[in-house]
Amino acid sequence: MVIYQLAMLKGLYIIIFVFLLLTMRGLLFDIKRFTTEDGPGIRVTYFFKGCPMSCIWCHNPEGIGQESMKVNRVERVGSARFTKSEVVGREYDIEELVDVAARERPFIEQSGGGVTFSGGEPLMQSEFLKRTLIRMREEGYHTAVDTSGFAEREHFMLIMPHTSLFLYDIKHIDDARHREFTGVTSKRVLENFDFLVEGGADIVVRIPVIPGFNDDEESMKAVRDFLGDRMCDRIKGIDLLPYHRTGSGKYSLSGREYLMEGKKPIADSQIDAYRSLFSAILLK
Ligand code: SF4
């Protein structure tokens with residue numbers, strides 16, 4: 001009798017677990033196919049809505065808020081202008097995300113690609129992210145998580161075993177400057193980076209190079225020194241991402257002020273000089 005009751009209980013747990021899996025939903029604001037800069041090969045990149053930072057140069061300001069939102073776009077046809085309303089942010093269940101990747105599977109497989117979870121900050125929906133990573137791995141996909149690094153340690157612990165590669169942003173070492181331009185402390189970002197390195201995660205570091213924020217030698221050298229002290233074979237690359245104005249037009253749509261107005265892109269020669277700072281510390 002006791003064995004029968006235990007079996008019933010176990011069956012009930014399995015049913016609840018499967019039910020939760022099928023009904024679990026995440027809020028995304030975009031899905032891009034054929035991406036080539038979010039990890040190795042050709043990928044599908046999923047953009048999760050919600051970010052704890054508010055970087056003044058953000059290219060996806062519509063992805064910062066944690067709720068879906070209605071925006072009005074002004075469109076032109078000839079000399080006529082009309083306003084089109086659309087909602088940014090839509091809930092998906094895990095199987096819908098798997099289906100998107102399935103359609104690109106031949107390209108993903110031939111190129112050694114996979115799927116990438118970006119945002120916003122995907123770790124803000126860590127339970128959904130974890131379940132999705134597990135499902136994608138079951139399907140045989142290489143999984144990457146593109147993170148700002150500003151998340152609870154427990155959330156990193158949840159997803160770490162299911163993530164093939166982290167794309168990890170380091171924006172500035174100096175805490176005051178980081179707070180001023182992103183709204184949050186750099187300390188948590190740097191501590192979480194150490195946690196991932198010590199935990200043996202594979203990481204590609206990404207450094208946005210932003211005029212007036214970190215486009216000076218002192219800031220770049222501080223990042224270089226921080227990384228230099230931690231170099232190991234788990235750090236697979238260091239990418240510099242030069243500032244561009246893409247996304248500036250989205251600020252008024254998302255009710256935010258674009259504070260980078262008038263800032264010019266950084267010269268290629270300057271970016272090359274910073275790249276050589278970092279290539280000197282990369283393990284060959
Ligand atoms: S961390 Fe990324 S997504 Fe979040 S505000 Fe900054 S640039 Fe935008």
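**Leu-27 faces its partner Glu-91 in strand S5.** The model shown is predicted; local features need pLDDT of at least 70, side-chain atom pairs count only at pLDDT 80 or more, and totals for chains, interfaces and linings use all residues. Residues are numbered from 1 along each chain as its sequence is written, and side-chain values use heavy atoms, with hydrogens and water left out. Strand S1 (residues 25-35) and S5 run antiparallel and are joined by four bridges. Strands (E, at least two residues) and helices (H or I, at least four residues) are DSSP runs, numbered from the N terminus. Two strands pair if DSSP finds at least two bridges between them.

**Strand S1 also pairs with strand S2 (residues 43-48).** This pairing is antiparallel and has five bridges. Within it, Leu-28 has Phe-48 of S2 as its bridge partner. Phe-34 lies in S1 too. The phi of Phe-34 is near 60°, a positive value in a residue other than glycine.

**Strands S3 (residues 69-77) and S4 (residues 80-88) form an antiparallel pair.** Nine bridges hold this pairing, and Met-69 stands opposite Val-88 in S4. The hairpin has two residues between its strands, and Gly-78 there takes a positive phi near 65°.

**Eight strands make an open sheet with mixed pairing.** The order across the sheet is S5-S1-S2-S6-S7-S8-S9-S10. At the edges are S5 (90-93) and S10 (235-242), each of which pairs on one side only. On average, neighbouring strands are turned by 30° against each other, direction ignored. Helix H8 (residues 217-228) packs on this sheet and touches S9 (203-209) and S10; contact means heavy atoms within 4.5 Å. The direction of H8 makes about 170° with that of S9. Axes are lines fitted to C-alpha atoms, for helices over the stretch in contact, and angles run from 0 to 180 degrees between N-to-C directions. Helix H10 (residues 268-279) lies across S9 and S10, at about 165° to S10.

**Strands S6 (residues 114-119) and S7 (residues 142-147) are paired in the parallel sense.** Four bridges link them, and Val-115 stands opposite Thr-143 in S7. Gly-120 is found in the loop between S6 and helix H4 (126-138). The peptide bond from Gly-119 to Gly-120 is cis, with omega near 15°.

**The ligand is surrounded by residues that include Gly-120.** Others around the ligand are Cys-51, Met-53, Ser-54, Cys-55, Cys-58, Ile-64, Ser-148 and Lys-171; a residue counts as near if one of its heavy atoms lies within 4 Å. By class, this shell has five nonpolar, three polar and one charged residues. Ala, Val, Leu, Ile, Met, Phe, Trp, Tyr, Cys and Pro count as nonpolar, Asp, Glu, Lys and Arg as charged, and the others, Gly among them, as polar. The ligand takes up the space of the largest pocket. A pocket is an open set of points on a 1 Å grid over the protein atoms alone, where a 1.4 Å probe fits, with protein on both sides within 12 Å along at least five of seven lines. A molecule sits in a pocket if more than half of its atoms lie within 2 Å of the pocket's grid points.

Methods: 1 Å grid on protein atoms, 1.4 Å probe; cavity = no way out; pocket = protein on both sides within 12 Å on 5 of 7 lines; lining within 4 Å.
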